[in-house]
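Colleague: I would like a close look at one part of this protein before I go back to the bench. Please take the helix that I have marked and its surroundings, then work outward.

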Amino acid sequence: MNALAQHALRPGNWLADELTTLTPETCRVLPSGNRMPLLGLGTWKLSVRTVDTLCNALELGFRMVDTAADYHTQRGIGDAIRACGFERDAIFVITKVEPDEDSYTATRKHLAQMRLDYADLVLIREPPEHGMGEMAWQGLRRAKREGLVRDIGVSSYSIDDIEDLVYRTGEMPAVNQVEWTPFGHSPRMLDFCRDNEIVIQARSPLTRARRLNDDKVGAMAARYGKTPAQLLIRWNLQLGVVPIPKANHVTHQRENLNVFDFEILPQDMVRLNALNEHYSALERLGYL
Ligand SMILES: NC(=O)c1ccc[n+]([C@@H]2O[C@H](COP(=O)([O-])OP(=O)(O)OC[C@H]3O[C@@H](n4cnc5c(N)ncnc54)[C@H](OP(=O)(O)O)[C@@H]3O)[C@@H](O)[C@H]2O)c1
């Protein structure tokens with residue numbers, strides 16, 4: 001069976017608060033043993049009132065946030081975790097380093113900005129122009145050895161890039177964060193990541209809202225009594241892919257969490273998979 005036709009989730013009426021319990025069925029276990037929620041919140045272009053927006057998202061049930069230095073949300077993320085009274089280990093924090101920077105120093109800098117002792121996951125943001133980001137990877141490995149980060153991964157890496165990185169360093173990334181929607185994805189990458197126990201995180205999983213008015217997606221979502229955004233998020237979950245939709249608006253945040261009470265039928269998963277045209281909301285899928 002094509003990997004995309006498989007269901008990675010068991011059927012059932014899951015509630016969003018399952019995101020907060022992190023049982024083996026409701027999380028992804030990473031090489032460190034750390035548990036990653038099935039769904040997170042992206043923070044690129046999040047409201048300037050980051051703390052309020054994030055506190056709201058955490059109270060609704062989000063337990064994972066994705067950031068990077070140039071999102072300008074790092075300080076607000078640390079502040080929100082503290083302001084909302086969450087224990088540090090209740091929230092899964094992802095940040096990124098640039099491929100050509102001193103990633104060990106950058107990780108320390110990001111942690112200082114968030115005023116956190118560790119990150120759950122640090123990613124190399126993209127493959128560098130030359131090479132595989134081997135130096136950045138070694139810096140992240142050091143940060144991991146020193147307890148500054150629990151797991152390390154990459155973003156927008158192709159299969160060849162990952163294989164090359166592993167060949168040179170001996171360490172497999174825990175995660176590859178890539179743009180991933182029914183309109184743009186890669187069955188080959190899905191199979192490769194499953195075979196190598198790499199978690200795919202879906203960035204821009206809502207096409208930056210550019211394709212949410214697609215007729216086919218809209219009609220299918222209506223049949224399930226759901227919105228197009230919920231259908232796209234659920235499609236990711238059923239593939240075993242971890243989406244990180246960004247939403248400023250409370251109604252959007254709530255909607256994006258409300259995806260655990262329905263299941264896309266196998267024939268509809270096949271239809272959604274067939275929408276693949278390697279579309280990218282960011283101009284190109286970097287990992288093909
Ligand atoms: N690794 C990388 O280099 C990289 C690159 C790009 C993105 N990312 C990460 O991935 C995250 C998500 O990607 P993204 O921000 O590019 O785009 P996205 O999550 O695909 O889309 C965000 C847009 O969708 C809207 N939206 C959210 N929920 C909605 C709903 N239920 N109904 C209708 N519209 C909805 C948001 O509106 P409102 O905000 O107005 O609610 C916003 O305009 C980023 O925030 C970032 O953390 C990483």
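Modeller: What follows starts with helix H6 and its flanks, then turns to a second helix, the salt bridges and a charged patch. Keep in mind that this is a predicted model.

Start with H6, which spans residues 187-195. Its buried residues are Met189, Leu190, Phe192 and Cys193. Viewed down the axis of H6, these buried residues fall within an arc of 165°, so they line one face of the helix. A general point explains the pattern. An α-helix has 3.6 residues a turn, so residues three or four places apart point the same way. The face of H6 turned away from the buried side carries exposed residues, Arg188 and Asp195.

Now step into the loop between H6 and strand S9. Glu197 is found there. Its phi is near 55°, a positive value in a residue other than glycine. Most residues other than glycine have a negative phi. Glu197 is exposed, because its relative accessible area is 69% and the cut-off for exposed is over 50%. Ile198 is found in that loop between H6 and S9 too. Ile198 counts as buried, at 3% relative accessibility. So the loop holds an exposed Glu197 and a buried Ile198.

Two distances place this region against another part of the chain. Ile198 and Ala69 are 129 residues apart in sequence and 24 Å apart in space, C-alpha to C-alpha. Pro187 and Tyr71 are 116 residues apart in sequence, and their C-alpha atoms are 30 Å apart in space. Tyr71 sits in the loop between strand S4 (64-66) and helix H2 (74-83). Tyr71 is buried, with a relative accessible area of 15%.

Past S9 (199-203) comes the loop that runs to helix H7 (215-223), and Arg210 lies in it. Arg210 is partly exposed, at a relative accessible area of 47%. Together with Lys45, Arg208 and Lys246, Arg210 forms a positive surface patch.

For comparison, look at helix H5, residues 159-169. Ile159, Asp161, Ile162, Leu165 and Thr169 are buried there. Down the axis of H5, the buried residues fall within an arc of 165°, so they line one face of that helix. Asp160 and Tyr167 are exposed, on the face of H5 turned away from its buried side.

Next, the charged pairs. Side chains of opposite charge can pair when their charged atoms come close. The structure holds 16 salt bridges. One of them joins Asp79 and Arg115, at 2.9 Å from N to O. This pair links distant parts of the chain, 36 residues apart. Asp79 is in helix H2, and Arg115 is in the loop between helix H3 (103-114) and strand S6 (119-124). Asp79 is partly exposed, at a relative accessible area of 23%. Arg115 counts as exposed, at 52% relative accessibility.

Asp120 forms a salt bridge with Arg88, and the closest N and O atoms are 2.9 Å apart. This pair also links distant parts of the chain: Asp120 is in strand S6, while Arg88 is in the loop between H2 and strand S5 (92-97), 32 residues apart. Asp120 and Arg88 are both buried.

Lys226 and Asp261 meet through their side chains in a salt bridge of 2.9 Å, N to O. Lys226 lies in the loop between H7 and helix H8 (228-239), and Asp261 in the loop between helix H9 (250-257) and helix H10 (266-273), so the pair ties together parts that are 35 residues apart in sequence. Lys226 is buried, with a relative accessible area of 12%. Asp261 is partly exposed, at 37% relative accessibility. Asp70, Glu98 and Arg125 are joined into one network by salt bridges that share partners.

One last residue brings us back to backbone angles. His278 lies in the segment after H10. Phi of His278 is near 55°, a positive value in a residue other than glycine. His278 counts as partly exposed, at 47% relative accessibility.

Back to your helix, then. H6 keeps Met189, Leu190, Phe192 and Cys193 buried, and Arg188 and Asp195 are exposed on the face turned away from that buried side.

Technical notes:
Residues numbered from 1 in each chain as written. Predicted model: local features only at pLDDT ≥ 70, side-chain atom pairs only at ≥ 80, totals over all residues. Heavy atoms only, no water. Patch = residues over 30% accessible without salt bridge, like charges linked within 9 Å, V, L, I, M, F, W, Y side chains within 5 Å. Areas by Shrake-Rupley, 256 points an atom, 1.4 Å probe, with all protein chains shown as cover. Salt bridge = Lys/Arg side-chain N within 4 Å of Asp/Glu carboxyl O. Lys, Arg positive; Asp, Glu negative; His and termini not counted. Charge placed at Lys NZ, Arg CZ, Asp CG, Glu CD. Helix = DSSP H or I, 4+ residues; strand = E, 2+ residues; numbered from the N terminus. Buried < 20%, exposed > 50% of the residue type's maximum accessible area, 1.4 Å probe, protein only. Arc of directions from axis to C-beta.
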